[in-house]
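Q: Please take a close look at the nonpolar core of this protein. Please also describe the strands around the core and the surface outside.

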Amino acid sequence: HDHKFDPIPTADYYALAVPRLLPGGLLVADNIASHAEALAPFVANALADPRLDVVVLGVGKGLLIGRRT
């Protein structure tokens, strides 16, 4: 899969998005199973972040849902 159109590295999306979430806000990422290698840093950051309650669902191609605490 060619990601040349994407000017921001995937790991940077996390750093850009989470600080902007208000308490109760949701961070949702899909295709985390089908693109596991590319999204591994993003998923690892979400799972380790104490600001989020995170669940990973085996729905479709994989879904991560994080709620800002």
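A: The following account begins with the overall fold, turns to the core, and ends at the surface.

This is a predicted model, in which local features need pLDDT of at least 70 and side-chain atom pairs count only at pLDDT 80 or more, while totals for chains, interfaces and linings use all residues. Residues are numbered from 1 along each chain as its sequence is written, and side-chain values use heavy atoms, with hydrogens and water left out.

The protein contains two helices and three strands, and from the N terminus on these elements follow the order α-β-α-β-β. Helices (H or I, at least four residues) and strands (E, at least two) are DSSP runs, numbered from the N terminus. Of the 69 residues in the protein, 26% are buried; buried means under 20% relative accessible area, exposed over 50%, and partly exposed in between (1.4 Å probe, protein chains only).

The largest nonpolar core has 12 residues: Tyr 14, Val 18, Leu 21, Leu 27, Ala 29, Ile 32, Leu 39, Phe 42, Val 43, Ala 46, Leu 52 and Leu 64. Such a core is a set of buried Ala, Val, Leu, Ile, Met, Phe, Trp, Tyr and Cys residues joined through side-chain atoms within 4.5 Å. The elements that give two or more residues to this core are β1 (26-30) and α2 (36-48), and α2 gives the most, with four residues. In soluble globular proteins, nonpolar side chains tend to be buried together.

Leu 27 illustrates how distant parts of the sequence meet. Leaving aside neighbours within four places in sequence, Leu 27 is in contact (heavy atoms within 4.5 Å) with Tyr 14, Ala 17, Val 18, Leu 21, Phe 42, Leu 52, Leu 64, Ile 65 and Gly 66. Among contacts in the protein between residues at least 6 apart in sequence, 57% join residues at least 24 apart.

The strands come next. Two strands pair if DSSP finds at least two bridges between them. β1 and β3 pair in the antiparallel sense over five bridges, and the bridge partner of Val 28 in β3 is Ile 65. β2 and β3 are also antiparallel, with six bridges; here Val 56 stands opposite Leu 64 in β3, and Leu 57 has Leu 63 as its bridge partner in β3. β2 and β3 form a hairpin with five residues between them, and Gly 60 in the turn has a positive phi of about 60°.

At the surface, Val 59 is found in the loop between β2 (52-57) and β3 (63-68). Val 59 counts as exposed because its relative accessibility is 52%. Gly 24, by contrast, lies in the loop between α1 (10-17) and β1, and counts as partly exposed because its relative accessibility is 39%. Leaving aside neighbours within four places in sequence, Gly 24 is in contact with Arg 67 and Arg 68. Gly 24 and Asp 53 are 29 residues apart in sequence and 9.8 Å apart in space, C-alpha to C-alpha.
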